[in-house]
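Here's a quick briefing to read with the model open in your viewer. It goes topic by topic, so feel free to jump around.

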Amino acid sequence: MNLITTELHAPRPRFRTATRVAIVGAGFSGTMLALNLLEQADVEVLLIERDRHRMGAGVAYSSSESAHLLNVRAGNMSAFADRPDHFCDWLAARGLGCDTAFVTRATYGRYLREALAMAMERYGRRLKLVDDEVLDIEERGGQVTLGLVNGGLIEADRAVLAIGNLPPHDPPGLAGAGLPAHRYIGDPWAGDFTEGLANDDPVLVIGTGLTAVDVILRLTAQGFSGPIVALSRRGLRPHRHLDGLPRPRPVLAKPAPELSELVHWARDEARRHDWRLAVDSIRPITQMMWASADAEKRARFLRHLRPFWDVHRHRLAPAVADRIDALVQSGQLVFRAGKIAAVRADPDALAVDWRPRGSDAIETLYAARMINCTGPQGDLLRSSDPLVRRMLAAGRIRPDALRLGLDIDRDGHVVDAKGRASEHILAIGPMTRGDLWEVVAVPDIRIQVGALARRLVNAHWVAGEGL
């Protein structure tokens with residue numbers, strides 16, 4: 001794919017009639033919005049990505065580790081909601097199986113990059129890839145102006161924030177602790193967290209979810225044989241997918257009025273069928289249930305149920321689960337439930353005081369390296385991203401009520417500090433989970449971007465009006 005530089009972008013000519021959409025971020029969300037938009041007539045797309053190596057794949061699918069597998073079967077990973085076999089057909093054309101396979105994330109990243117490259121060939125000048133970073137977005141005269149790192153400007157009719165997840169926040173007690181950079185890794189994807197680590201050094205992983213699994217797999221794939229402790233407040237780790245299950249029967253109406261009653265419903269269903277079928281059956285209505293809950297109920301869910309939902313909902317490929325089980329059985333990997341009380345830097349290691357769950361006693365463990373694997377976060381007020389900070393300071397965006405991401409209206413327009421929805425700046429992807437909750441996985445995002453693409457060009461169906 002050929003990238004263009006922003007000095008080629010002059011302000012938009014007044015005689016242009018096509019709708020110009022600038023998309024900030026070229027991970028899965030941004031790339032798929034671009035491809036959906038280009039299927040509509042009279043649309044020009046500028047896809048802007050500050051890291052050219054992640055163009056088309058983003059952080060999630062840029063991994064080259066063979067141990068990093070998708071946690072959704074290939075059969076449900078088509079990038080296009082209206083073409084469910086698209087990914088399987090792509091795999092078959094390359095002699096790769098689909099069916100119930102869990103392919104590598106690198107393979108899926110290749111699939112997305114090829115889809116973007118084909119769009120470049122098909123749509124020509126209607127799609128432009130911009131290798132730059134957006135520093136600010138302003139609305140002026142019915143348009144948006146995007147300011148870039150190199151000093152250039154881009155004018156468009158709409159700007160869409162597809163910035164993905166924010167990097168992980170430091171766990172409580174670690175922010176500003178001044179820990180040595182070679183001992184504490186605050187973001188495992190910002191660099192090589194294995195550099196300088198001896199094969200038998202003790203490692204502490206903070207978090208026990210999917211990010212922790214990725215880090216553990218990368219450590220061991222590179223021959224690391226030292227002890228690994230994975231610590232989180234509850235010590236929960238993701239469950240595994242199970243092959244051979246029938247397709248879940250979708251639940252299309254809310255099965256219980258309250259979240260607490262929903263838990264009882266899920267337990268009853270799990271007694272009759274495998275619990276995975278119960279969880280997967282309510283996927284079609286999770287966004288509806290989230291939308292119907294008020295702020296207090298949503299907050300209660302996040303406090304009490306989210307950790308349990310996450311480990312049941314976001315499951316591991318069987319091969320990955322087998323590898324984690326083997327590490328536990330060998331004694332190299334230990335999962336612990338508890339809370340960090342204090343951390344100090346000794347000459348040869350970090351001394352970590354922690355309180356086991358259900359105990360008042362403090363225990364101490366020593367780690368040559370501590371890696372923050374608490375996962376991506378969404379609190380805008382804790383973000384160091386220049387675009388987020390500038391737009392927050394100017395009052396053009398604000399956090400949602402639960403600090404899960406951006407505050408948006410029901411059509412995806414960002415909401416400013418005074419509660420007003422923007423006319424020309426929108427958002428998609430994981431940073432909209434405050435409004436939609438289930439919008440972090442491919443099956444959910446592809447529906448969101450397809451609907452937004454049609455709205456942006458007024459190609460969506462409207463109920464009533466004589467139809």
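In this predicted model, strands S8 and S14 (residues 369–372) run parallel to each other and pair over 2 bridges. They belong to an open sheet of 7 strands with mixed pairing. Below that come the disulfide, the salt bridges and the surroundings of one histidine.

**The sheet**
- Reading across, the strand order is S8-S14-S9-S10-S11-S12-S13.
- The edges are taken by S8 (184–185) and S13 (363–367); each has a single partner strand, so one side of each has no neighbour in the sheet.
- If you want a spot to zoom in on where S8 meets S14, Ile185 sits opposite Ile371 in S14.
- As a general reminder, strands in a sheet pair through backbone hydrogen bonds, in either a parallel or an antiparallel sense.

**Cysteines**
- How many disulfides does the structure hold? There is 1.
- Its partners are Cys88 and Cys98, with sulfur atoms 1.7 Å apart.
- Cys88 is in helix H2 while Cys98 is in the loop between H2 and H3, so the bond ties together parts that are 10 residues apart in sequence.
- Both ends are buried: Cys88 has a relative accessible area of 16%, and Cys98 comes in at 13%.
- Another cysteine to look at is Cys373, which is buried because its relative accessibility is 3%, under the 20% cut-off.

**Salt bridges**
- The count for the model comes to 34 salt bridges.
- Glu44 and Arg20 make one of them, with the closest N and O atoms 3.4 Å apart. This one links distant parts of the chain: Glu44 is in strand S2 (residues 43–49) and Arg20 in strand S1 (residues 19–24), 24 residues apart. Buried or exposed, what are Glu44 and Arg20? Both are buried.
- Arg94 and Glu114 also meet through their side chains, at 2.7 Å from N to O. Here too distant parts of the chain are linked, with Arg94 in the loop between helix H2 (86–93) and helix H3 (105–123), Glu114 in helix H3, and the two positions 20 residues apart.
- Arg94 counts as partly exposed because its relative accessible area is 32%, between the 20% and 50% cut-offs. Glu114, at 24% relative accessibility, is partly exposed as well.
- Glu269 and Arg272 form a salt bridge at 2.4 Å, N to O. The two residues both lie in helix H5 (residues 259–272), 3 residues apart, or about one turn of the helix.
- Burial is split within that pair: Glu269 is buried at 18% relative accessible area, whereas Arg272 is exposed at 54%.
- There's also a network: salt bridges with shared partners join Arg237, Arg240, Asp322 and Asp325.

**Around His68**
- Where does His68 lie? Look in the loop between S2 and H2.
- His68 is buried because its relative accessibility is 2%, well inside the under-20% range.
- A polar atom of the His68 side chain lies 3.0 Å from the backbone oxygen of Asp214.
- Leaving out residues up to four places away in sequence, His68 touches Ser63, Thr104, Arg105, Trp189, Asp214, Leu217 and Arg218. Asp214 therefore shows up both in this contact list and in the polar contact, which falls within the 3.5 Å cut-off.

Methods. Residues numbered from 1 in each chain as written. Predicted model: local features only at pLDDT ≥ 70, side-chain atom pairs only at ≥ 80, totals over all residues. Heavy atoms only, no water. Salt bridge = Lys/Arg side-chain N within 4 Å of Asp/Glu carboxyl O. Helix = DSSP H or I, 4+ residues; strand = E, 2+ residues; numbered from the N terminus. Buried < 20%, exposed > 50% of the residue type's maximum accessible area, 1.4 Å probe, protein only. Polar contact = N/O pair within 3.5 Å; in protein donor to acceptor, adjacent residues only side chain to side chain. Contact = heavy atoms within 4.5 Å. Disulfide = S-S within 2.5 Å. Pairing = 2+ DSSP bridges.
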